[in-house]
Amino acid sequence: MIEKIVKDFRISNLEFYYEGNHNKTYKGLINGEQVQIRVSKNNIVDHKNEIIFLKNEFNNKIIYIDEFFMIRKWIDGKILDNNSLDTLKKIKHSLEKQWVLKIPNISSFRPSIMDDIVLSHGDLRKKNIIVSEDNNIFLIDFEWINYNTKYFDLAHLFLYCSFKVSDIVSVFEVEKKKLRREIKIVKKFNKKWLKSNN
């Protein structure tokens, strides 16, 4: 499969970069510009929401996307490796720009939850938060993007990015009780999801 994409888009210097549960990621060059090539390994993820989102919001960075492949301009940086308040504030800035977007045809994860609904990233983990050399924050991998309570993203910052509950509450100005409740829900959801998809 990768061979056809490499040929069709005239990708040179292809090299393997990373493998996750659902995708393999490669680096390569198109016309001398570094790109990311993401190849789906399975059909567990429905990429419909991601495709709609990326075509709406990152059209200038996306070279090609469908349910199997994505080619986008490369983002230089490293994965999140600290949990400082300054970093959390920068993540807040990135999230709040995304949370307010109203994009037609993106589905809701839990439509019965009517509290604090936002356009949620849905999978905030260290590997999906890139810190550039000049300390800017870039969110990547929007496979699970959907409308959901903002506490879903905040629970991920605690569970998978090592931020303290007290810092999340303070920086995002949210209710600690709601965050604690969502952390329990996300833990159960992810445990159940892993069990059913492994």
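At what angle do helix H5 and helix H6 pack, and how far apart are their axes? Keep that in mind as you open the model, which is a predicted one.

**Stop 1: the helix pair**

Select residues 165-172 for H5 and residues 176-196 for H6. The two helices pack at an angle of about 125°, and their axes are 10 Å apart. That angle makes H5 oblique to H6. The crossing of H5 past H6 is right-handed.

Now show side chains. On H5, pick Val165, Ile168 and Val169. On H6, pick Lys176, Leu179, Arg180 and Ile183. These residues make the contact. Colour them by character: 5 are nonpolar, 2 are charged and none is polar.

**Stop 2: the sheet**

Move on to the strands. Five strands, 5 in the order S1-S2-S3-S5-S4, form an open sheet with antiparallel pairing. Which strands stand at the edges? Select 12-19 for S1 and 62-65 for S4. Each has a single partner strand, so one side of each lacks a neighbour in the sheet. Look along the sheet for its twist, which averages 20° from one strand to the next.

**Stop 3: the S4 edge**

Add S5, residues 69-73. S4 and S5 pair in the antiparallel sense over 3 bridges. Zoom in on isoleucine 65, which stands opposite methionine 70 in S5.

**Stop 4: the helix on the sheet**

Select residues 48-57, helix H2. H2 packs on the sheet. Show S3 (33-40) as well: H2 touches S3, S4 and S5. Compare directions last: that of H2 makes about 155° with that of S4.

Notes:
Residues are numbered from 1 along each chain as its sequence is written. This is a predicted model: local features need pLDDT of at least 70, side-chain atom pairs count only at pLDDT 80 or more; totals for chains, interfaces and linings use all residues. Side-chain values use heavy atoms; hydrogens and water are left out. Axes are lines fitted to C-alpha atoms, for helices over the stretch in contact, and angles run from 0 to 180 degrees between N-to-C directions. Helices (H or I, at least four residues) and strands (E, at least two) are DSSP runs, numbered from the N terminus. Angles under 35 degrees count as roughly parallel, over 145 as roughly antiparallel, 65 to 115 as roughly perpendicular and the rest as oblique. A crossing is left-handed if the near helix is turned anticlockwise from the far one by less than a right angle, and right-handed if clockwise. Contact means heavy atoms within 4.5 Å. Ala, Val, Leu, Ile, Met, Phe, Trp, Tyr, Cys and Pro count as nonpolar, Asp, Glu, Lys and Arg as charged, and the others, Gly among them, as polar. Two strands pair if DSSP finds at least two bridges between them.
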